[in-house]
Each structure stands twice: as structure tokens, then as C-alpha cells.
Amino acid sequence: MQLIFSFAILASFVSIVTAHEGHDDDLQMPLDYVRFPYQAVYYPGDNEVTADSIFSGITTFAKLPWVKCLGKEKDATFDIAFIGAPFDTGTSYRPGARFGPAGIRAGSRRLTLYGGYNVPLAVNPFLSGLKVVDCGDIPVTPYDNKYAIKQIEDGHKELLHRPTFSPLGNDTLTGKPLVPISADGKNHPRIITLGGDHTIVLPLLRSIYSAYGPISVIHFDSHLDTWKPEVFGGAPSEQAAINHGTYFYWASQEGLIKNGSSIASIRFFLLFHSHYSSHSESPHGAIRTTLSGPADYANDDASGFQRIEAREIDTLGTDGIIKKIRETVGDRPVYLSIDIDSIDPAFAPATGTPETGGWSTRELRTILRGLDGLHIVSADIVEVAPAYDTNAELTTMAAADVLFEVLSVMAKTPLGKVDQ
């Protein structure tokens with residue numbers, strides 16, 4: 001009797017399994033359920049359906065396809081890739097930027113709620129013909145800064161030296177074929193890195209150097225980040241000398257920055273600097289930090305930067321800021337680094353070293369749109385620390401919107417030139 005009962009149970013189990021295997025799983029899914037993000041049409045075109053369940057599915061940046069670029073899909077090609085660098089052990093005040101990549105992706109969910117068309121720039125970067133993907137995060141150890149920095153450099157370099165998905169094509173004005181602007185003569189994809197604290201820019205620039213040589217830099221930040229290690233933190237050890245306030249100092253020492261071609265925008269300084277060099281090709285923008293003294297400016301000059309103080313927007317306006325940046329970098333290849341603290345903490349409070357007196361989100365987005373036409377080879381946004389954000393995700397949404405402008409500018413300008 002027991003044997004018959006056991007056979008009956010076994011037969012029932014087999015019939016259930018067989019019946020399950022005979023069904024099409026998709027027929028059992030809820031209406032419009034998305035199993036994988038790349039199966040969905042998240043980027044509607046002109047006059048197509050929008051506002052359709054963008055809060056569902058895996059959270060990638062702006063619902064981009066998730067590609068395991070550093071894993072089993074090492075041969076995948078793309079034109080623009082987002083990659084996270086969850087590192088925050090180089091901070092001097094509030095940690096938490098290791099969660100920045102996840103926070104920024106969450107803040108980007110509504111980027112394509114009504115479609116991805118950028119009205120001021122007249123482009124939909126998601127429908128521009130370029131292959132744009134989210135590669136996830138670079139594996140970064142929280143235990144060893146030296147090893148973590150090498151992981152970030154290697155991960156970024158692995159993506160940067162992939163072949164592009166799309167060819168450069170021809171110049172829209174002359175019809176002549178474009179040739180790469182890189183130092184190695186190759187057409188490289190563009191990488192947008194989600195930080196992470198600002199220390200990550202040193203390994204990123206090392207990677208960029210491998211393809212472009214010394215690069216011009218546009219740096220939006222409330223701080224200089226060119227401090228000498230013996231000034232910023234005191235350099236108690238060789239590794240402690242590399243942090244989020246000194247990485248540009250080391251980048252300059254290593255020859256990664258094209259001297260005289262970089263500019264940074266800072267919030268406010270208490271000193272006049274008209275007697276310092278103005279031959280830099282790299283700008284700081286939104287600078288507004290205090291200093292240890294005038295020597296900090298002299299060191300910043302030696303590192304190859306021009307400065308735009310945040311308060312200059314009151315006299316120059318956004319057009320004047322844009323003009324100053326464009327005159328500084330010219331038509332050279334340029335790397336773009338954006339610290340979220342360039343935005344005033346009223347609009348973006350979740351950051352490691354907040355400074356009041358900054359630009360609004362609208363002002364920074366306007367300035368970024370003003371970079372249209374520049375050859376931005378890669379970019380990053382850093383110092384987003386979601387633990388200090390509001391429940392409304394103000395900071396992570398601001399970071400995502402800023403990157404939407406960067407992505408739009410990139411989509412409009414190929415990294416090529418007409419061979420003379």
C-alpha cells in the first residue's frame with residue numbers, strides 16, 4: 001500500500017513538472033513585464049508613448065542596457081559606457097561616496113519618463129545612433145587604497161581601449177572622412193564614470209593618458225584639488241599623500257595634464273589672484289573654498305589650471321563663464337570632471353565636503369550645454385554621497401541630470417577631425 005502511495009506522489013510530481021515545462025513562461029508574466037532591461041523600449045521617439053513604468057526593472061543609468069563589460073561580456077563594443085567606481089577612502093570629511101554609483105543610477109530613473117529628447121541641445125542621445133550602455137561597477141576593494149586605485153585605472157583602461165561600435169564617419173560640413181583625435185591614432189569609446197570620491201580622477205587620467213597623452217581638463221568643483229600633499233592632510237604616509245584634495249597635484253607631477261590648458265571653477269576665495277599666471281589651458285569652475293594662504297594659488301598655477309570663482313557668475317553670467325572655458329581649452333581634446341559640490345548644497349546637499357555659495361543646478365546645466373562642440377573624450381561625476389540626501393533624492397537627481405547634459409554634448413560631437 002505504501003509503495004502504491006509513493007508511486008502516486010511521484011507520478012503527480014512528474015506531471016506537474018511536465019505541465020510547467022510545456023508552458024511558455026512569457027504567457028505567465030504580467031502584462032508589459034520586463035525580464036531584462038535591454039528587452040524594453042525605454043527610449044520613445046517623437047510622438048510615441050512615454051511615461052510607461054520606468055520605475056520597474058533593474059536600475060541602470062537611465063534604463064540603459066546592462067552589459068557585463070568587465071565580466072563575461074569582455075568583447076562587447078560600445079560608443080559610450082557608464083561605469084561606477086565605488087571608492088571613498090580618500091575623503092577628508094564625510095565618507096559615503098562609495099554608494100554614489102547606485103544613488104546616481106536611482107536618480108536617473110526618471111530621465112526618460114517623457115522621452116530622452118534634450119530640447120536646448122536638440123538631440124536625443126539615446127536615439128542618436130550611438131550604442132550607449134551601462135557597464136556596472138569596477139570591482140574596488142575598500143581595504144587597500146593603492147590596490148583600489150590600480151583597479152580603477154585598469155578597469156577604465158580596459159573599456160577605453162575597446163574598439164568602438166560605430167565608425168567615426170564623415171564631417172557634416174565638408175563630407176570628408178574623420179580621423180581620430182587621439183594620440184595613438186585610434187577611435188576610442190567614451191567612458192562616463194560614476195564616483196566615488198574625487199581621488200578616482202588620478203587613475204582615470206592615467207588611463208586617459210594611455211590613449212590621448214597629456215589632456216586638457218575642465219574641472220567643476222568648489223575646491224582646488226591641486227594642494228601639495230604636505231599641505232592637504234600632511235602626507236603621513238606615501239599612500240595617504242594621494243587623496244581627494246591632491247590628485248590633480250599628482251596628475252600634474254606625472255605629466256597627465258596638458259600644462260596651460262585646464263580650467264576649474266571654484267566657489268569663493270578670500271584672496272585676489274590677478275598677479276598669477278593666466279596661461280593655463282585647463283580651467284577650474286565653481287571654486288569657492290578657503291585656502292591655507294596665497295601659496296595654494298601659486299601651486300594651482302604650477303599645476304596648469306586657470307580659475308573661475310563661483311561668484312564670478314554674478315558679473316560674467318553663464319555666457320561669460322562658457323566663453324572663458326571655451327577660450328581656455330580651444331579645440332583640443334578635453335576631459336571633464338564634475339564634483340557635485342560645485343552645485344550649492346541647497347540643491348545638492350549629499351556630498352562629502354559641502355560649501356555654500358555655489359551655483360544652482362540650472363546654472364551648471366546651462367554651462368555644460370555651452371560646451372556643445374567640444375571634443376570631450378570622457379567624463380566623471382564624483383562626491384555624491386546618498387546617505388546625506390533628502391528623501392526626494394535631490395542630489396542624485398541633480399547628478400543624473402548633469403550627466404544627461406554631458407551625454408547629449410558627447411552624442412552631438414564625434415571624436416574626430418578632418419585630416420589636413
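This report walks through a few features of the predicted model shown above.

**A pocket to start with**

Let's begin with empty space. Rolling a probe the size of a water molecule over the atoms shows where empty space is left. Here, the largest pocket has a volume of about 500 Å³. Its lining is made of 27 residues, and those nearest the centre are Leu 168, Leu 178, Thr 413, Pro 414 and Leu 415. Which elements supply at least two residues each of the lining? Helix 10 (394–412) and strand 11 (416–418) both do. As for chemistry, the lining has twelve nonpolar residues, ten polar ones and five charged ones.

**One disulfide**

A disulfide is a covalent bond between the sulfur atoms of two cysteines. How many turn up in a search of the whole structure? Just one. The partners are Cys 69 and Cys 135, with their sulfur atoms 2.0 Å apart. The pair links distant parts of the chain, 66 residues apart: Cys 69 sits in the loop between helix 2 (25–28) and strand 1 (80–85), while Cys 135 belongs to strand 2 (residues 132–137). Is the disulfide left-handed or right-handed? The torsion about the S-S bond is about -65°, so it is left-handed. Both Cys 69 and Cys 135 are buried.

**Aromatic pairs**

The whole structure holds five aromatic pairs. Here are two of them, side by side.

| Pair | Centre to centre | Angle between planes | Arrangement |
|---|---|---|---|
| Phe 126 and Phe 404 | 6.3 Å | 20° | stacked |
| Tyr 247 and Phe 248 | 4.5 Å | 40° | tilted |

Take the Phe pair. Phe 126 is in the loop between helix 3 (100–107) and strand 2, and Phe 404 is in helix 10, so this pair ties together parts that are 278 residues apart in sequence. Both Phe 126 and Phe 404 are buried. Helix 10 has come up already: it also helps line the largest pocket.

In the other pair, why does Tyr 247 count as buried? Its relative accessibility is 0%, and the cut-off for buried is under 20%. Phe 248 is buried as well, with 0% relative accessibility.

**Strands under cover**

Strand 5 (residues 216–220) is mostly covered, with five of its five residues buried. Ser 216, Ile 218 and Phe 220 point one way from the strand, and Val 217 and His 219 point the other way. Strand 5 runs parallel to strand 9 (residues 334–339), and five bridges join the two. In that pairing, Ser 216 stands opposite Val 334.

Now for strand 4 (residues 190–195), where you'll find Arg 190. Is Arg 190 buried or exposed? It's buried, with a relative accessible area of 5%. Arg 190 and Val 377 are 187 residues apart along the chain, yet their C-alpha atoms are separated by 5.8 Å.

**Backbone oddities**

Most residues other than glycine have a negative phi, and most peptide bonds are trans. This model has some exceptions to look up. The peptide bond from Gly 195 to Gly 196 is cis, with omega near 15°. Gly 196 is part of the loop between strand 4 and helix 5 (201–212).

Lys 63 isn't a glycine, but its phi is positive, about 65°. You'll find Lys 63 in the loop between helix 2 and strand 1, and it is buried, with a relative accessible area of 2%. Ala 122 also has a positive phi, near 55°, and lies in the loop between helix 3 and strand 2.

Notes
Residues numbered from 1 in each chain as written. Predicted model: local features only at pLDDT ≥ 70, side-chain atom pairs only at ≥ 80, totals over all residues. Heavy atoms only, no water. 1 Å grid on protein atoms, 1.4 Å probe; cavity = no way out; pocket = protein on both sides within 12 Å on 5 of 7 lines; lining within 4 Å. Points joined across faces, edges and corners; volume = space filled by probe spheres on them. Helix = DSSP H or I, 4+ residues; strand = E, 2+ residues; numbered from the N terminus. Nonpolar A, V, L, I, M, F, W, Y, C, P; charged D, E, K, R; others polar. Disulfide = S-S within 2.5 Å. Buried < 20%, exposed > 50% of the residue type's maximum accessible area, 1.4 Å probe, protein only. Pairing = 2+ DSSP bridges. Phe/Tyr/Trp six-rings, centres within 6.5 Å; stacked < 30°, edge-to-face > 60°.
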